[in-house]
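Please open the structure in your viewer and keep the selection tool at hand. The tour goes from the whole chain to single elements.

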Amino acid sequence: MLPKIRDFLHYPILTISGGDITPGSIILGIAVVFTSAILASIASRWLLRLLGSRGLSSGAQFAASKILRYSVVLLGILVGLSSMGLRLDALFAASAVLAVGIGFGLQNIAQNFVSGLVLLIEQPVAKGDFVKVGNSAGVIEDIGLRATQILTRDQETIIVPNSELITSPVINHSRPTPHLRIEVKVDASAKSDPALVREALLAVAAAHPKVLSDMGTEVRLDQCNEPAFVFALLVWISNPHEDLRIASDLRFAIEAAFRDKGIEGPIPERITYAREGLPRPLREN
């Protein structure tokens, strides 16, 4: 029985570049690759704990563990192929010739693969960063070898090719600091006292618990034409992910402060003329 099993395991199924592939070599190669995947997972978790104890940022920990995992898996695949009976030197030579033929078809995949390595090594963006790509904004959840996953405020996952993060403009709100300055536009009647409006806006900003008062709050008068003055309240916040929520809070507070201080908003011109019973004049563009 054992001789038959041994003969079966050593029976040459295929010969490639002088190397015999047998059922036994296939089983050994699969076992090596499977073991390397387990070792890669263990090694990446160990590296995460080690780097975490050294105080490195979560983005750096993630990048280093990913690179280690990919390296161990790649080494396991090469050892597995060698265990199957494939001659790696002949395989590399054949793959180089084959790559010329299929290079154009795999150009995008290769570009995203290289871009993924650049993202993990250079870290222009990292896991946990709050970024804006095109019209979408969210937190980077994972950086793979082909694409990056971004989780938006609406809990939607956007799959962005790695090459787009390298070649296209990307706003990283988490680098060099997570602090973000937001701007809230406010209209007030042209009859209002600008100093009173400025005082009210500064008071609203100072009262909000998530506004960083130590970084400086600014009120600008952007326009002072009839029928309204246009002010801009600029404040700093510590979490860019909360910019829309904090801006909304400020608008609610500004509306209440204007009512309390008797600051009127602009009256639309069409309503003004309707109240006076006069026809609306034609305006030149």
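The stops below begin with the whole protein, then turn to one helix and one sheet.

**Whole protein.** Select everything. This is a predicted model. Its secondary structure comes to 9 helices and 10 strands. Of the 285 residues, 32% are buried. The protein exposes about 18000 Å², and carbon and sulfur atoms supply 60% of that area. Among contacts between residues at least 6 apart in sequence, 61% join residues at least 24 apart.

**Helix 3.** Select residues 58-83, the 26 residues of helix 3. How far apart are its end C-alpha atoms? They are 37 Å apart, which agrees with the 38 Å that the helix should span, because each residue counts for 1.5 Å.

Next, colour the buried residues of helix 3, among them Gly 59, Phe 62, Lys 66, Gly 76 and Gly 80. What do the buried residues of this helix pack against? Show helix 2 (23-53), helix 5 (107-122) and strand 4 (136-143): these are the elements they pack against.

Then step to Gly 85, just after helix 3, where phi is positive, at about 105°.

**The sheet.** Select strands 6, 5, 4, 3 and 7, which form an open sheet in that order, with antiparallel pairing. Strand 6 (157-161) and strand 7 (170-172) are the edge strands, and each pairs on one side only. From one strand to the next, the twist averages 40°.

Zoom in on strand 5 (residues 147-152) and strand 6, which run antiparallel and are joined by 5 bridges. To see one pairing, select Gln 149: its bridge partner in strand 6 is Ile 159. Strands of a sheet pair through backbone hydrogen bonds.

Key:
Residues numbered from 1 in each chain as written. Predicted model: local features only at pLDDT ≥ 70, side-chain atom pairs only at ≥ 80, totals over all residues. Heavy atoms only, no water. Helix = DSSP H or I, 4+ residues; strand = E, 2+ residues; numbered from the N terminus. Expected span 1.5 Å × (residues − 1). Buried < 20%, exposed > 50% of the residue type's maximum accessible area, 1.4 Å probe, protein only. Contact = heavy atoms within 4.5 Å. Pairing = 2+ DSSP bridges. Axes fitted to C-alpha atoms, helices over the stretch in contact; angles between N-to-C directions. Areas by Shrake-Rupley, 256 points an atom, 1.4 Å probe, with all protein chains shown as cover.
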